[in-house]
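Could you walk me through this structure while I have it open in my viewer? I would like to know what to select next and what is there.

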Amino acid sequence: MTLKFTTSYLEDSLGVFRYYKKLAEEAMGQLTDDQLNCTLDPEMNSVAILVKHMVGNMRSRWSDFLTTDGEKPERNRDAEFEVPPEGREALMELWESGWATVFGALEPLTEADLSRTVTIRGEAHSVMQAINRQLAHYPYHCGQIVFLAKHLKHSDWRCLSVPRGKSQEFNARVAAGEASQR
């Protein structure tokens, strides 16, 4: 991504969401089907369960975003942490459907919409506050996905950012305009 001055909060937010979506996808792509359901201990969530939870949240928060409460009555949050989707294809279809809901709600918004009021669990938020809430939530879980994938792949892990010992090389590439840190 090249340098671009923008004052658009929405454009920047969409960029951050897309970045973390891609990061998690690259991590999931390195895992075997069995590893998608692996946990490190009984209290931990697998990648598949994290995806199921994120999608439940995405559908609830972003469906009819401006007109209905962000915690939909039909959402069963507790069930999001039980029974993962069957197989990689179902998991990735679920993942894509969740993100389609996010982008479908955010892309049509204008800067004027940022000060509008929405509710989440009956609590009033500005649209900007609601977006910020999810800009913290989704990267948190994407980080968990990356962490778990890196642990499971161990020595076979392909770095998603700047590999160890390659910082100077990467910085030189950024300075030369050959790479971006975004």
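Start by selecting Glu71 and Arg75 and showing their side chains: a polar contact of 3.0 Å joins them. Keep in mind as you go that this is a predicted model. Glu71 sits in the loop between H2 and H3. Now widen the selection around it. Setting aside neighbours within four places in sequence, Glu71 is in contact with Ser60, Arg61 and Arg121. Add Glu80 to the view as well, since a network of salt bridges links Arg61, Glu71, Arg75, Glu80 and Arg121.

**One residue along: Lys72**

Next, select Lys72, which is placed in the loop between helix H2 (47–62) and helix H3 (87–106). What is the nearest side chain of opposite charge to this buried residue? Show Asp64: it is that side chain, 6.0 Å away, and Lys72 has no salt bridge. The cut-off for a salt bridge is 4 Å between a side-chain nitrogen of Lys or Arg and a carboxyl oxygen of Asp or Glu, so the 6.0 Å to Asp64 does not qualify.

Turn on the backbone oxygens here. The side chain of Lys72 reaches the one of Ser60 at 2.5 Å. The backbone oxygen of Ser63 lies 2.9 Å from a polar side-chain atom of Lys72. Not counting residues up to four places away in sequence, Lys72 touches Ser60, Arg61 and Ser63.

**The hairpin**

Arg121 belongs to the network you have just displayed, and it is also a good handle on the next stop. In the hairpin of S1 and S2, with two residues between the strands, Arg121 takes a positive phi near 55 degrees. Colour strand S1 (residues 117–120) and strand S2 (residues 123–126): they run antiparallel and are joined by four bridges. To see one pairing, pick Val118, whose bridge partner in S2 is His125.

**Into the core**

Now hide the polar side chains and bring up the nonpolar ones. Which residues touch the most other members of the largest nonpolar core? Select Ile131 and Ile145: they do, in a core of 43 residues. H1, H2, H3, S1 and helix H4 (127–153) are the elements that give two or more residues to this core. H4 provides the largest share, 11 residues.

Centre on Ile131 and show what surrounds it. Apart from neighbours within four places in sequence, Ile131 is in contact with Tyr9, Leu10, Ser13, Phe17, Trp62, Leu106, Leu109 and Leu114.

**A buried glutamine**

Move to Gln30, found in the loop between helix H1 (9–29) and H2. Is Gln30 buried or exposed? Gln30 counts as buried because its relative accessible area is 6%. Show Arg158 too, as the side chain of Gln30 reaches the backbone nitrogen of Arg158 at 2.8 Å. Leaving out neighbours within four places in sequence, the contacts of Gln30 are Gln35, Lys153, Asp156, Trp157, Arg158 and Leu160. If you like a distance check, pick the C-alpha atoms of Gln30 and Lys150: they are separated by 8.8 Å, although the two residues are 120 apart along the chain.

**A round of salt bridges**

Side chains of opposite charge can pair when their charged atoms come close. The count here comes to 11 salt bridges, and three more stops will show you some of them.

- Select Asp33 and Arg88, whose side chains meet in a salt bridge (2.8 Å, N to O). This pair links distant parts of the chain, with Asp33 in the loop between H1 and H2 and Arg88 in helix H3, 55 residues apart. Asp33 is partly exposed at 44% relative accessibility, and Arg88 is partly exposed with a relative accessible area of 24%.
- Select Lys22 and Glu26, which form a salt bridge with their closest N and O atoms 3.3 Å apart. Both lie in helix H1, four residues apart, about one turn of the helix. Glu26 is partly exposed, with a relative accessible area of 32%.
- Finish with Asp113 and Arg116, a salt bridge whose closest N and O atoms are 3.3 Å apart. Asp113 is buried, at a relative accessible area of 13%, whereas Arg116 is partly exposed at 37%.

Definitions and conventions:
Residues numbered from 1 in each chain as written. Predicted model: local features only at pLDDT ≥ 70, side-chain atom pairs only at ≥ 80, totals over all residues. Heavy atoms only, no water. Buried < 20%, exposed > 50% of the residue type's maximum accessible area, 1.4 Å probe, protein only. Lys, Arg positive; Asp, Glu negative; His and termini not counted. Polar contact = N/O pair within 3.5 Å; in protein donor to acceptor, adjacent residues only side chain to side chain. Contact = heavy atoms within 4.5 Å. Pairing = 2+ DSSP bridges. Core = buried A, V, L, I, M, F, W, Y, C linked by side-chain atoms within 4.5 Å.
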